[in-house]
Amino acid sequence: CNMDRWTTPTIQQSQICHIDLSKESNRSAYNTIDENGAKEYEDPDYLYDQKTLNRRSTTVPSVPVAPPMALRGTLRPTHLAIHQPAESSSWRNMGMAIGMAAVIVLMVLFLISFLLMGSRAQAYFHPSDSQPSPDHYPTADDQSASRDQLEITPNHLLTLLLTKRKLCLFEASTENVEHSLASFNEEHIESARLLFHSNLSHASVPVHPLQFQRYTRSLGVDDNCHVIIYDRGQTIWATYAVWIFKLFGHKRVSLLAGGLPGWKEAHSKSPQYRTENGPAPPVNRQGDFSSSWNEKYVITFDDVFVNTEMASFDVVDAQEREEYEGTSSGALYGHIRGATNIPIDRVFDYAIGRWYPSSDLTQVFHRGGLSPSRPVIVYCSTSVRSSLIWFSLLTQNYDARIYFGGWPEWVVRAPDYLKILASSPN
């Protein structure tokens with residue numbers, strides 16, 4: 001055979017052309033190509049270029065034959081097909097929807113009832129300023145008390161003491177702490193404690209809420225105790241302390257009408273109105289009062305400055321008439337442009353130590369251009385006198401706030417055209 005074209009230089013030609021004829025008979029057992037018409041030698045061009053080669057087909061597994069009809073009834077199915085009518089499925093879905101709706105309605109009703117019960121409990125233990133105290137028993141002397149118990153009479157205080165209600169009774173000191181302490185040790189209402197003004201305000205500015213909280217807790221003040229404050233007849237120190245307590249979030253604060261002189265007057269008629277001397281006994285326990293900043297009772301310089309353009313508030317100056325007009329000596333006095341002047345002696349009769357009647361207060365505020373439908377800003381030089389005007393406005397259903405910076409801050413920070421001095425044109 002001629003195999004020159006398929007040989008390589010390194011392979012012997014005799015090795016390539018040698019054919020073992022003894023094994024020729026076994027070729028048919030391994031040959032998978034139909035050799036009819038095929039060449040006797042291996043020609044790759046011939047083998048791979050023939051597209052009509054017939055390869056022996058491999059055996060394909062046949063599909064199992066179905067069992068005879070007689071055996072089909074004895075065979076068990078390998079799965080179950082559950083068919084439900086569409087009508088029963090729709091009824092079931094409807095029932096589930098109704099059940100879920102009922103559960104949601106019950107949950108909403110439970111939540112509403114829970115909130116109502118919680119609000120009632122809170123109203124009982126922490127009555128708001130718009131609700132009367134549950135321990136108030138109206139008497140003939142209580143007719144002068146305000147609707148919110150901002151002011152209580154000596155008779156009412158005696159009732160609370162005799163029934164052993166939870167009270168925190170304080171005597172408000174003046175700026176002269178030493179004189180106030182000496183006067184307190186000389187005589188004060190039984191079970192009262194001295195409330196130092198220096199622990200309420202620094203240079204007419206309220207102390208930090210946390211500082212006030214720490215101080216009042218050391219005096220045994222709780223969130224749910226009834227705080228009652230009086231002074232020795234000046235009233236402005238007690239009203240300032242009431243404002244501080246309300247500013248820092250206490251819910252039950254009242255002023256004792258008449259102060260210590262009114263209590264001693266009642267003592268002359270009945271020995272039950274007792275007084276005592278000496279220092280107050282030490283506090284046995286710390287209070288749990290939590291202070292906060294109540295914006296409804298205070299206003300700042302920026303708010304007052306914006307109000308000069310917006311006119312959202314009426315402004316009241318609580319200084320004396322000479323101070324308001326700038327004619328008083330000793331300092332640079334004047335008032336904020338647009339403010340009306342209501343001195344403290346226009347609302348409180350110091351000759352008898354009582355407020356003027358409600359009808360007189362209404363006329364005073366009306367002549368000053370005030371209306372209960374508009375909020376009021378009150379200021380003076382130290383906030384002490386402002387607190388008395390603020391308190392009287394609250395008793396007449398006014399929304400009043402104190403600008404504690406007052407005239408000293410305004411005269412320094414405000415532009416000149418908003419300051420009315422003695423030499424300023426009207």
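Student: Which share of the contacts with a separation of 6 or more comes from residues 24 or more positions apart in the protein chain?

Tutor: Keep in mind that this is a predicted model. Its protein chain has 15 helices and 18 strands. Among contacts in the chain with a separation of 6 or more, the share from residues 24 or more positions apart is 71%.

Student: And what percentage of the protein chain is buried?

Tutor: A residue counts as buried when its relative accessible area is under 20%. Of the 426 residues in the protein chain, the buried ones make up 38%.

Student: Let's turn to the sheets. Which strands are at the edges of the open sheet that contains β7 and β8?

Tutor: This open sheet has five strands with parallel pairing, in the order β1-β8-β7-β2-β4. An edge strand pairs on one side only, and here the edge strands are β1 (151-152) and β4 (193-195).

Student: What is the bridge partner of Ile 152 in β8?

Tutor: β1 pairs with strand β8 (residues 253-256) in the parallel sense, over two bridges. Within β8, Ile 152 has as its bridge partner Leu 256.

Student: Is β7 largely enclosed or left open by the rest of the structure?

Tutor: Look at the two directions in which its residues point: His 226, Ile 228 and Tyr 230 go one way from β7, Val 227 and Ile 229 go the other way, and all are buried. In general, side chains in a regular strand alternate between the two faces of the sheet. Five of the five residues of β7 are buried, so β7 is largely enclosed.

Student: How many bridges join β7 to its partners β2 and β8?

Tutor: With β8, β7 runs parallel, and Ser 254 in β8 is the bridge partner of Ile 228; three bridges join these two strands. On the β2 side, Glu 171 stands opposite Tyr 230 of β7. So the answer has two parts, because each pairing is counted by its own bridges: β7 and β8 have three, while β2 and β7, also parallel, have five.

Student: Which elements do the buried residues of helix α6 pack against?

Tutor: Helix α6 (residues 154-162) has these buried residues: Pro 154, His 156, Leu 157, Leu 158 and Leu 160. Just after α6, Lys 164 takes a positive phi of about 55°. The buried residues of α6 pack against β1, β2, β7, β8 and α10 (259-267).

Student: How are α9 and α14 oriented to each other?

Tutor: Two packed helices are described by the angle between their axes and the distance between the axes. The axes of α9 and helix α14 (residues 384-395) come within 8 Å and cross at roughly 75°. Angles from 65 to 115 degrees count as roughly perpendicular, and α9 and α14 are therefore roughly perpendicular.

Student: Which residues of α14 make that contact?

Tutor: From α9, the contact includes Ile 236, Trp 237 and Tyr 240. By class, the contact has nine nonpolar, two polar and one charged residues. The α14 side is made by Val 384, Ser 387, Leu 388, Trp 390 and Phe 391.

Student: Is Asn 294 buried or exposed?

Tutor: Asn 294 lies in the loop between β9 (275-276) and β10. Leaving aside neighbours within four places in sequence, Asn 294 is in contact with Lys 246 and Leu 247. Its relative accessibility is 19%, so Asn 294 counts as buried.

Student: In the sheet with β10 and β13, which residue of β16 is the bridge partner of Asp 314?

Tutor: That open sheet has five strands in the order β10-β17-β16-β11-β13, with parallel pairing. β10 (298-299) and β13 (340-341) stand at the edges with a single partner strand each, so one side of each has no neighbour in the sheet. Four bridges join strand β11 (residues 314-317) to strand β16 (residues 376-379). In β16, the bridge partner of Asp 314 is Val 376.

Student: Last one: is the crossing of α11 and α15 left-handed or right-handed?

Tutor: The axes of helix α11 (residues 301-310) and helix α15 (residues 406-413) come within 11 Å and cross at roughly 65°, and the two helices are therefore roughly perpendicular. In the contact, residues of α11 including Phe 301 and Phe 305 meet Glu 409, Trp 410 and Arg 413 of α15. The crossing of α11 and α15 is right-handed.

Key. Residues numbered from 1 in each chain as written. Predicted model: local features only at pLDDT ≥ 70, side-chain atom pairs only at ≥ 80, totals over all residues. Heavy atoms only, no water. Axes fitted to C-alpha atoms, helices over the stretch in contact; angles between N-to-C directions. Parallel < 35°, antiparallel > 145°, perpendicular 65-115°, else oblique. Left-handed = near helix turned anticlockwise from the far one by under 90°. Contact = heavy atoms within 4.5 Å. Pairing = 2+ DSSP bridges. Nonpolar A, V, L, I, M, F, W, Y, C, P; charged D, E, K, R; others polar. Buried < 20%, exposed > 50% of the residue type's maximum accessible area, 1.4 Å probe, protein only.
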